[in-house]
Amino acid sequence: SCIPTENCFLPISEVIAVEETELKKKQRNMGKWQKMAKPHAFTVYYVKKARNHRWRCSDVTFWCADEHLCNQWIQVLKELLEMQKSRPKQLLVYINPYGGKRQGKRIYEQKVAPLFSLASITTDVVITEHANHAKDNLFEVNINKYDGVVCVGGDGMFSEVMHGLIGRMQKDSGIDQNNPKAPLVQCNIRIGIIPAGSTDCICYSTIGISDPVTSALHIIVGDCQPLDVSSVHHNNTFLKYSVSLLGYGFYGDLLKDSEKKRWMGPIRYDYSGFKTFLSHHYYEGTISFQPAKHTLGSPRDKDSCRTGCYICKKSEEQLAEQHKECGLKHEEDEEWKVIKGKFLAINAVNMSCACPRSPKGLSPAAHLADGSTDLILVRKCSRLDFLRYLVRHTNQDDQFDFSFVDVFRVKSFQFTSKLSEDNESSVTDIGKKRFGQFCRDHPACCCHIANSTWNCDGETLDSSAIEVRVHCQLMKLFARGIEENCKDEAAYCQSSIEQLL
């Protein structure tokens, strides 16, 4: 036998599979195995953690001369894996073959499917053929036979699956989604994201990297990360759900312009972003919000949301306690704060919205599951000052440290633009009476732009006047949040395992 000089303790939760290994004659005649007449072996496949939150499937082979002992080890390890009840056994997979660089199907078949097979996960795969295919299909399938739903694509594909799953849950429970005050039913079926799109912000913000293999391994080991979801309504009509960004002004205009240039591919975001920055449009309006008093943290905190986040856990408990004591009616009586002004951007983020270009995101201390959204108001300022603000997203400086930027942690908010063209909105009519002439501060070239567009997780909303409410931990992902950087520990562990070979 082989006695290593160092040991590595690998949790069973990070073992992917165990298989009996047939040693070929050539292998048996090599090195330490040649002393055995008939060695018996089994291979353990496990999660190898690398730098920058990247996971890979690695393996180590154990051997001995006693066949009975070898079989015992295999049986015990497989029984331990069977006891991991959080692991999925059957998944429903939706693949968007058109998103991003049209690599979704290839990525799934070459990088993900073999891992699912190794982990003995059975799948039903649906290749989407048109917009809302996955969403519509989720209202028809027998959802209870699956342990999770996996979407292969970008943020748009995830949004479609999320809307289908949440909508199905509310329909089955008799909940009217058009009622902005309705308590929504929590989704217990987890969603897995295999990134293969132009933007993979949600994957990056919940795992720490946009990598198909890493995401597949998080699904296999059965990780679970609750996620807040914001519902967006206009005039008692449901519009959309949002889990990352609701952006008006800069990010709304950017999206509206980029949608006309889809033929350019992902580079359209850079082009439209530069064009939108040069236009420097601002919009007048009124924003009302309810501060999230149940949360422990603040948008100006230095600590970010991480795996097993204490703030998310305690905030959920305090919010549940408030609902138990006072109910939802008391919420409506709580204080609303009102801010009127001219804004270059209004952003509400349920997560940091981090990505490779903006490693800290739009709100570095935003939490995934604390029942709140960070509301960022960027007031009218010079083009140079706005550029300084945008540059802060790419470095380590405090992006809220500007006199023209305000940030609040809220649980609900409403916005009405000054020149909303929707005459059906009574809120908008009141807003028109309260404000003076819009064009007095605008150059003539800008007068034709009355309203911006809301960017809801990469999709445009038709209405500028909206009502938003955060639903604490409404859904769950196959993720664990971003782990603390432990590459040194991972490297040590890998070195120790290799000595067992």
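Trainee: I'm new here, so let's start with one residue: is E284 buried or exposed, and what is its relative accessible area?
Mentor: Keep in mind that this is a predicted model. The cut-off for buried is under 20% relative accessible area. E284 falls under that cut-off, so it counts as buried, with a relative accessible area of 5%.

Trainee: Which residue does E284 meet in a salt bridge?
Mentor: The side chains of the two partners come to 3.7 Å, N to O. The pair links distant parts of the chain, since E284 is in strand β11 (residues 283–291) and its partner is in the loop between β14 (405–417) and α12 (426–434), 134 residues apart. That partner is buried too, at a relative accessible area of 3%. The residue is K418.

Trainee: How many salt bridges does the structure hold?
Mentor: Side chains of opposite charge can pair when their charged atoms come close. A pair counts here if the nitrogen and oxygen are within 4 Å. By that rule, the number of salt bridges in the structure is 19.

Trainee: Where do R168 and D172 lie?
Mentor: These two form a salt bridge, with the closest N and O atoms 2.9 Å apart. R168 is buried, at 11% relative accessible area. The two residues are four apart, about one turn of the helix, and both belong to residues 155–173, which is helix α5.

Trainee: What about E317 and K314: how far apart are their closest N and O atoms?
Mentor: Both sit in helix α10 (residues 310–333), and because they are three residues apart, about one helical turn separates them. E317 is partly exposed at 36%, and K314 is partly exposed at 26%. Their salt bridge has its closest N and O atoms apart by 3.2 Å.

Trainee: Which residues are joined into one network by salt bridges that share partners?
Mentor: Look for bridges that have a partner in common, and follow them from residue to residue. The network that results joins E14, K49, D223, R480 and E483.

Trainee: Let's move on to sheets. Which strands stand at the edges of the open sheet β1-β2-β3?
Mentor: Three strands make up this sheet, and their pairing is antiparallel. An edge strand has a single partner, so one of its sides is left without a neighbour in the sheet. That describes β1 (15–21) and β3 (55–64).

Trainee: Over how many bridges do β2 and β3 pair?
Mentor: β2 covers residues 40–49 and runs antiparallel to β3. One facing pair is K48 opposite R56 in β3. The number of bridges is 10.

Trainee: Which helix lies across β1 and β3?
Mentor: The helix we want covers residues 212–220. Its direction is at about 60 degrees to β3. That makes it helix α7.

Trainee: How many disulfides does a search of the whole structure find?
Mentor: A disulfide is a covalent bond between the sulfur atoms of two cysteines. To count as one, the two sulfur atoms must be within 2.5 Å. The search of the whole structure gives a count of zero.

Trainee: So which cysteine has the sulfur nearest to that of C64?
Mentor: C64 is buried, with a relative accessible area of 17%. C64 is in no disulfide, and the nearest cysteine sulfur is 5.0 Å away. That sulfur belongs to C70.

Trainee: Now two helices: at what angle do α9 and α11 pack?
Mentor: Helix α9 covers residues 268–279 and α11 covers residues 383–392, with their axes 10 Å apart. F277, L278 and S279 in α9 meet R383, F386, L387 and L390 in α11. By class, that contact has five nonpolar, one polar and one charged residues. The packing angle is about 145 degrees.

Trainee: Last one: how many of the 12 residues of strand β17 are buried?
Mentor: β17 (residues 466–477) is largely enclosed by the rest of the structure. It pairs antiparallel with β8 (residues 225–234) over eight bridges, and with β14 over four, again antiparallel. Facing pairs include V229 opposite H471 and F415 with I466. Of the 12 residues in β17, the number buried is 10.

Key
Residues numbered from 1 in each chain as written. Predicted model: local features only at pLDDT ≥ 70, side-chain atom pairs only at ≥ 80, totals over all residues. Heavy atoms only, no water. Buried < 20%, exposed > 50% of the residue type's maximum accessible area, 1.4 Å probe, protein only. Pairing = 2+ DSSP bridges. Contact = heavy atoms within 4.5 Å. Axes fitted to C-alpha atoms, helices over the stretch in contact; angles between N-to-C directions. Nonpolar A, V, L, I, M, F, W, Y, C, P; charged D, E, K, R; others polar.
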